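Thank you for making the time this morning. I would like to walk through one structure with you, and I will ask you to keep it in view as I talk.

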Amino acid sequence: MLDKLMMYLQYPFVIRALTAGILIAFSASLLGVILVLRHYSYIGDGLSHVAFGAMSMSYVLGIVTQKMLIILPITVLTAILILRVKQKKIQGDAMIALLSTAALAIGYLLMNVFPVSANVSSDVCTSLFGSTSMLTLSSGEVWASVVLSIAVTGMMIFLYPRIFAVTFDENFAKVTGMKTDQINLILAVITAAVIVLAMNLVGSLLISALVIFPALSAMQIQKSFLRVLLMSCLLSVLGTVAGLLISILAGTPVGSTIVLVYLGIFLLCFVIGMFHD
Amino acid sequence: MSSIEIKNLIVGYDHQQTAAVGSFIISKGDYVCIVGENGSGKTTFMKTILGLLKPVSGTVQFNGIRPKEIGWLSQQTAVQKNFPASVREVVLSGFAGKLAYRFFYTKQEKQQAENNMKLTGCIAYQDRCFRELSGGQAQRALLARALGAADGYLLMDEPMAGLDPQAQSTFYQCIEELHKKGMTILMITHDHRSLAYADQVISFAQEVKIMAAHEYLMRVKNVG
């Protein structure tokens, strides 16, 4: 088995998948801690549906190579709408549900009414579950994830005290004179960027899992915010590497294999956390 | 001497009046309790002072103090109980508003946070997780956080709610100690015991009245 693994590790596409996978998992797990604690667990799911809707729109408009020019702005705007607009009559989670279902419906409708390729359902399936796309990454896409993970890490390090304050108690932060709107804006833009990139590379099923699972797993065990962040990163990178290698060796779909590894990690942490208390 | 000057103030949500507060001055070093029925506008008034709500009409003017130098202890329900953070991290976040153009807290601020934890008696459990604390412990941690932001003024919204009698008296002592050191206290309360410490009472009923604490206690007794 080790021989088989070593053989696969010689292929550049495997190395690229591993690199991008680790970097995206790392970025998403950092953001995930913040998003889960702010009750936006479903934002990964919601935004990726919005990105899917935007993608269909760009196909219909005949913009395929520069589709990011449409997808990214729409998703960023939606993220700002969700994270910044405090609507009294629509709560955050309901807002996510509303936008994501609407976007999914628009996207699927557009793909059906103006079919671009013969096999609509396969197109839909690919964008939702990532299927094998993770193993077909270009080096440009790998570079994009390098840049993004540097941005996320930089943000987490340099804005750490502010991000903690806003996440723990936004009203208090505002009262003490912090510019909470600015922090929320930065978070919204970075969140949207990570999710759009991740959706393209690994599919929207996996991006939700990347945001939620490592954060929740770490929260079962760790007792300080910093430790939760660090452990969340560690678990997500471990889970992604393990999931990827298993899927290559066993020939299972990449996305769902990684999600199941995450689930296993979460259950383990949950049990450990129970005995910890 | 600094003060918070309230002029012809009417507070409320979305231009809907909740209470006509009127005019008065809270001077540095005062100990003021705010009493009244639920829904009479006490919290709305406090949030207006803090700048979280806009006044329906009238003004809140700060003399010799910047609005962000006020420490605030909100109602307990407003803070996430299940948050995975150590007491130390929570207390330190009280200084977040003072970061200005810095990225990190200074050594001085960390030292100050430690002093605040000593003062409120939460230094003993500074490494424990916020979600594991009892109501009284959590409240003292949040008080220590408020002190990080407070520069002479401390606003509290029912800080005693949900605390057992033992925790309440510890908390009162703590606040009294702060007051003796010159901290201005403005506290919403349902507990008549706190009035024993207060100089003045703002009573929210049909009308909003401000009076000396002993005068208020006399009135309450006469009615009872």
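Let me begin with a term that I will need in a moment: a crossover is called right-handed if, with the strands pointing away from the viewer, the path from the first strand over the helix to the second runs clockwise. Please also bear in mind throughout that what you see is a predicted model.

With that term in hand, look at chain B, where strand β6, residues 153-157, helix α5, residues 165-180, and strand β7, residues 184-188, make a right-handed β-α-β unit. The two strands of that unit, β6(B) and β7(B), run parallel and are joined by five bridges, and within this pairing B:Leu154 stands opposite B:Ile185 of β7(B). β6(B) is also joined by four bridges to strand β5 of chain B, residues 70-73, and these two strands again run parallel; here B:Leu73 is found opposite B:Met156 of β6(B).

How much of β6(B) is buried? Five of its five residues are, and both faces are covered, with B:Tyr153, B:Leu155 and B:Asp157 on one side and B:Leu154 and B:Met156 on the other. Strand β5(B) likewise has both faces covered, since we find B:Ile70 and B:Trp72 buried on one side and B:Gly71 and B:Leu73 buried on the other. As background, side chains in a regular strand alternate between the two faces of the sheet.

I would like to stay with B:Leu155 a little longer. If we set aside its neighbours within four places in sequence, B:Leu155 is in contact with B:Met46, B:Ile49, B:Leu50, B:Ile70, B:Gly71, B:Trp72 and B:Leu186. B:Leu155 is also one of the residues that touch the most other members of the largest nonpolar core, a set of 150 residues, the others being A:Ala51, A:Val194 and A:Ala198. The element that gives the most to this core is helix α2 of chain A, residues 12-37, with 14 residues.

Turning to where the chains meet, the contact takes 22 residues from chain A and 24 residues from chain B. On the side of chain A that touches chain B, the elements that give two or more residues are α8 (160-168), α9 (170-175) and α12 (225-250), and by class that side has 13 nonpolar, five polar and four charged residues.

Finally, a few individual positions that you may want to find on the model. A:Phe114 sits in the loop between α5 (92-113) and α6 (120-129) of chain A, and it counts as partly exposed because it has 13 C-beta neighbours inside 10 Å. From A:Phe114 to A:Met57 the separation is 57 residues in sequence and 9.8 Å in space, C-alpha to C-alpha.

In chain B, which backbone angle is positive at B:Asn8 although it is not a glycine? It is phi, at about 45 degrees, and B:Asn8 lies in strand β1, residues 3-13, where it counts as exposed because 12 other C-beta atoms lie within 10 Å. B:His15, which is not a glycine either, has a positive phi of about 65 degrees; B:His15 lies in the loop between β1 and β2 (16-27) of chain B and is exposed, with 9 other C-beta atoms within 10 Å.

Note on methods
Residues numbered from 1 in each chain as written. Chains lettered and ligands numbered in written order. Predicted model: local features only at pLDDT ≥ 70, side-chain atom pairs only at ≥ 80, totals over all residues. Core = buried A, V, L, I, M, F, W, Y, C linked by C-beta atoms within 7 Å. Buried ≥ 20, exposed ≤ 12 C-beta atoms within 10 Å, placed from the backbone. Contact = placed C-beta atoms within 7 Å. Nonpolar A, V, L, I, M, F, W, Y, C, P; charged D, E, K, R; others polar. Pairing = 2+ DSSP bridges.
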